[in-house]
Amino acid sequence: MDSNAAAENTTSSCVNALGNMTNATLSNGPFLYATGIATLILSTFFLVIEGMQLYQLRLHYFLEWENYLQMFTFWGTIAFVAAQLVARTTAVWQFGAVVFTCCWWKLILTLRDCPIFGIGGYITLLGVIIWRYLKLAPLPILLMASFGFPFYMLVAEIGLSTSDALNALSHATGQSKGSQTET
């Protein structure tokens, strides 16, 4: 059996196993319904608290990005759980993944302000590093685009597909798939 057939066989068995696991664990049961209702109640409670904070701070509430994250997290949780109780679709799960990521980010921001764990300084340091990276990130993107677009224009002009051009480029530089050597 060659490596491509083995990879396809492994991929299909993983997809089948995950598909069976997903179908088995997502049945409508009383536990799923109860946790959905509890999540709706808690999210609504925290949304009311955010509303009181909005009323108290008025326009100053909109000056901090964490408030936007909290509002998206609470509204997104309500929308996800409500949609989950009605129907399960791929789009609902994708939206839920985004909301869940925002919930984890909000947890990290909450731990930053909590002195009990003593990791607030590290989380602040991580935030500074990420912010500096995001300020620097447009430069490599600009460099890749400035070299990539002319390359694509030249390749399109001679009628090659991009993959054919990249294969020809790798063969011309001596970096074919079978001749790569480890250093």
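1. Which residues does Ile78 touch, not counting residues up to four places away in sequence? They are Leu40, Ser43, Thr44 and Leu47. Ile78 itself lies in helix H3, and its relative accessible area of 19% makes it buried, because the cut-off for that label is under 20%. Of these partners, take Leu47: Ile78 and Leu47 are 31 residues apart in sequence, and their C-alpha atoms are 9.8 Å apart in space. Please keep in mind as you read on that this is a predicted model.

2. Now for the overall layout. The protein chain has seven helices and zero strands, so its pattern, read along the sequence, is α-α-α-α-α-α-α. Of its 183 residues, 17% count as buried. Among contacts between residues at least 6 apart in sequence, 52% join residues at least 24 apart. The chain exposes about 14,400 Å², and carbon and sulfur atoms supply 71% of that area.

3. A word on confidence. The mean pLDDT of the protein chain is 79, and 80% of the residues reach 70 or more. One stretch to read with this in mind is residues 20-26, where pLDDT stays under 50. For that stretch the model has two contacts beyond four places in sequence.

4. Helix H2 is a good place to start looking. H2 covers residues 30-57, which is 28 residues. At 1.5 Å a residue the helix should span 40 Å, and its end C-alpha atoms are indeed 40 Å apart, so the two values agree. Which residues of H2 are buried? They are Gly36, Leu40, Ser43, Leu47 and Glu50. These buried residues pack against H3, and Leu40, Ser43 and Leu47 have already appeared above as contacts of Ile78. After H2 comes Arg58, with a positive phi near 50°.

5. Helix H3 (residues 65-86) also holds Gln70. Is Gln70 buried or exposed? With 13% relative accessibility, Gln70 counts as buried, since it falls under the 20% limit. Leaving out residues up to four places away in sequence, Gln70 touches Glu50, Gln53 and Lys106. Glu50 in that list is one of the buried residues of H2.

6. Next, the charged pairs. Side chains of opposite charge can pair when their charged atoms come close. The count here comes to two salt bridges. In one of them Glu66 pairs with Arg112, with the closest N and O atoms 2.6 Å apart. This pair links distant parts of the chain, as Glu66 is in helix H3 and Arg112 in helix H4, 46 residues apart. Glu66 counts as buried at 15% relative accessibility, while Arg112 is partly exposed at 26%.

7. Arg112 has a further partner. The side chains of Arg112 and Asp113 meet in a salt bridge at 3.4 Å, N to O. Through these shared partners, Glu66, Arg112 and Asp113 are joined into one network. How does accessibility vary within this network? Glu66 is buried, Arg112 is partly exposed, and Asp113 counts as exposed at 53% relative accessibility.

8. The surface carries a nonpolar patch made of Leu59, Phe62, Trp65, Tyr68, Trp105, Leu126, Ile130, Trp131, Tyr133 and Leu134. Together these residues have about 1,100 Å² of accessible area. Which helix gives the most to the nonpolar patch? Helix H5 does, with five residues. H3 and H5 (120-136) each supply at least two.

9. One patch member deserves its own look. Trp105 is found in helix H4 (residues 90-113). Its relative accessible area is 32%, so Trp105 is partly exposed, and this value also passes the patch cut-off of over 30%.

10. Last comes helix H6, which runs over residues 138-158 and has 21 residues. From its first C-alpha to its last, H6 reaches 30 Å, close to the 30 Å expected at 1.5 Å a residue. Gly159 follows H6, and its phi is positive, near 90°.

Methods
Residues are numbered from 1 along each chain as its sequence is written. Side-chain values use heavy atoms; hydrogens and water are left out. Helices (H or I, at least four residues) and strands (E, at least two) are DSSP runs, numbered from the N terminus. Buried means under 20% relative accessible area, exposed over 50%, partly exposed in between (1.4 Å probe, protein chains only). Contact means heavy atoms within 4.5 Å. Accessible areas come from the Shrake-Rupley method with a 1.4 Å probe; for residues, only the protein chains shown count as cover. The expected span of a helix is 1.5 Å times one less than its number of residues. pLDDT is the predictor's confidence in each residue, from 0 to 100. Patches are made of residues with over 30% relative accessible area and no salt bridge: like charges are joined within 9 Å, nonpolar side chains (Val, Leu, Ile, Met, Phe, Trp, Tyr) within 5 Å. A salt bridge is a side-chain nitrogen of Lys or Arg within 4 Å of a carboxyl oxygen of Asp or Glu.
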